[in-house]
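Visitor: Got a minute to go through the charged pairs with me? Let me pull the model up first.

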Amino acid sequence: MLAVNVGHINMETSYLKALVESERSLSLNYNRKKNIPNIFNMKSFICFAVVLAFIAASSATTVRNCAKTKARLVENGDVSITNCPKSKCTLKRNTEPEIQIKIVPNRDFKELNSDIQGILLDVPLPFPGYYGTSACPHIYDAEGKNQVGCPLKAGETYLYKNSFKILPIYPTVSLTIHWGLGDKEGDAVCFEIPAKIKA
């Protein structure tokens, strides 16, 4: 699997408030009929609900779509990367972040290869051990439970699950991570995200 989407949190909070108001109204009416004192703590419940919405929104990573890709555009919630709670990843050396990507290809793919690079000062640098490798062993069903591999069918939902090592030899720099999965004809999915490698 981000950055916190404020609009998303506001929408979630508004929905929760409306739900709570409805439940509170029903509770008050019931309590009046039964002569039961009202012990519903509205403020505490709202605070708890906002925290839950915040946690839910933070479980994904905000990325931007690749400029020239013909793949279906990546949406909020489609990508999740550990150590990326915001729109800029902080990657520590000697760690191995996990990544999950929702893929809904707009055409059939017999195979799927990895185009994983770090872009430093506009120069693309392939990630050793990942660039050009097959992504098929990392393709699962939509629930992420069963490994299905390739081929991929147009319109079907898949989950790509992998991890990538941040080697101790990597310099501590800011860069852009480019993550594309596709074949010779184009991408099934492609996105980029700013990142910083730390010691």
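**Salt bridges in the model**

Guide: At 25% relative accessibility, Arg72 counts as partly exposed, where buried means under 20% relative accessible area, exposed over 50%, and partly exposed in between (1.4 Å probe, protein chains only). One caveat: this is a predicted model, so local features need pLDDT of at least 70 and side-chain atom pairs count only at pLDDT 80 or more, while totals for chains, interfaces and linings use all residues. Residues are numbered from 1 along each chain as its sequence is written, and side-chain values use heavy atoms, with hydrogens and water left out.

Visitor: How many salt bridges does the structure hold?
Guide: Five, taking a salt bridge as a side-chain nitrogen of Lys or Arg within 4 Å of a carboxyl oxygen of Asp or Glu.

Visitor: What does Arg72 pair with?
Guide: Glu75, at 3.9 Å, N to O.

Visitor: OK, new topic. What about Arg107 and Asp183?
Guide: Their side chains form a salt bridge at 2.7 Å, N to O. Arg107 sits in the loop between strand 4 (98-103) and strand 5 (113-120), Asp183 is in strand 9 (residues 174-183), and the two are 76 residues apart. Strands here are DSSP runs (E, at least two residues), numbered from the N terminus.

Visitor: Buried or exposed, that Arg107?
Guide: Partly exposed, with a relative accessible area of 22%. Asp183 is partly exposed too, at 21%.

Visitor: And Glu185, how does that meet Arg107?
Guide: Through another salt bridge, 3.8 Å from N to O. Glu185 lies in the loop between strand 9 and strand 10 (186-198), so the pair ties together parts that are 78 residues apart in sequence. Glu185 counts as exposed, at 67% relative accessibility.

Terms used. Helices (H or I, at least four residues) and strands (E, at least two) are DSSP runs, numbered from the N terminus.
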